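Please examine the fold presented below, moving from the chain as a whole to one of its strands and the neighbours with which that strand pairs.

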Amino acid sequence: MTGDMLAPEHGDSSMKATGLLQQSVRAVVSMPAEAAVLALASAFQTTLKAAPWRRRNNRPSDRPEDGDLAWPPEDSRQTPIVLVPGYLSTTACWESLLVRLRQRGYHNITVVQYNSLRMGVPEIAETVAEEASAAARRSGTRGVHLIGYSLGGLAIRYALQFLGPDADALSAITIATPHHGAPLAYAGLGPAAKQMRLKSALLDELPPIDSGGRVRWLLIGGKADLVVPISSATAGGHVASASIPVSGHLNIIDTPLLADTVISHLASCRTGRKSPRVLAS
């Protein structure tokens, strides 16, 4: 999907979300009690985020907020931004960030869609690489900014490290991504869930993330994230990282501080500063 528009999902999103919740219930029945509670809570919140009525009633305000972030110049706003949602997420997960990006003048945005229950990380990464290259061609720009949430961040990492679209990537931001795996991935269904488990074969083969290449990385995690621990979300070695205080796995993507941190990183890539101005701590 392209052009800064969310795909219409109102017709069957509630039914689809309910099915995902039922699948999660079946998957956690044999898990320890504490892990099962966390997994079911995560699945229930995912159901709420997918519901059409939530998007209508809780839509963020379009009013620009005061702040000291520099407004991007006209030419930089044309650089495409590619957003990659997470496991069981819909395109609606990006709604809060999309509002803030529009406020700052970024409108050239593509939201990638994929089936997280049927596709593994390599297949999702191929879709990401194709969308990134297509966005750059459409815009006639030097490259794109890649932003991935949870599983989406792993797909971006795999695409950059194995599929080689470096020529199209100026920056890569991962949000609550299990770079070192997540315990609750054992409750998930499908190949991607298996690949997000601790010490999975896919995670073991991924090279470390470093700042030696052309891509400007930023790894963001939530201090209160019980699904993807902060140590896994920011495990990038010699790259910039940020922790968002008091943010769980599902609400981190809606917090204003997350949006400010993302926009600050985009600005640092634009201006060529040596390191991004990380707002979170």
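The accessible surface of the protein chain amounts to about 12500 Å², and carbon and sulfur atoms account for 55% of that area. The model is a predicted one. Of the 281 residues in the protein chain, 56% count as buried.

The secondary structure of the protein chain consists of 10 helices and six strands. With regard to contacts between residues at least 6 apart in sequence, 74% of those in the protein chain join residues that are at least 24 apart.

Strand β1, which spans residues 81-84, offers a suitable point of entry to the detail. Both of its faces are covered: I81 and L83 lie on one side and are buried, while V82 and V84, on the other side, are buried as well.

Strand β1 pairs with strand β2, formed by residues 109-111. The two strands run parallel and are joined by three bridges. Within this pairing, V82, one of the buried residues of β1, has T110 of β2 as its bridge partner. Between the two strands the chain passes through helix α4, residues 95-103, and the resulting β-α-β crossover is right-handed.

Strand β1 is also joined to strand β3, which comprises residues 144-149. Here four bridges connect the strands, and the arrangement is again parallel. The bridge partner of I81 in β3 is H145. Thus I81 is a buried residue of β1 that bridges to β3, whereas V82, buried on the other side of the strand, bridges to β2.

Terms used:
Residues numbered from 1 in each chain as written. Predicted model: local features only at pLDDT ≥ 70, side-chain atom pairs only at ≥ 80, totals over all residues. Heavy atoms only, no water. Buried < 20%, exposed > 50% of the residue type's maximum accessible area, 1.4 Å probe, protein only. Contact = heavy atoms within 4.5 Å. Areas by Shrake-Rupley, 256 points an atom, 1.4 Å probe, with all protein chains shown as cover. Pairing = 2+ DSSP bridges. Right-handed = clockwise from strand over helix to strand, strands pointing away.
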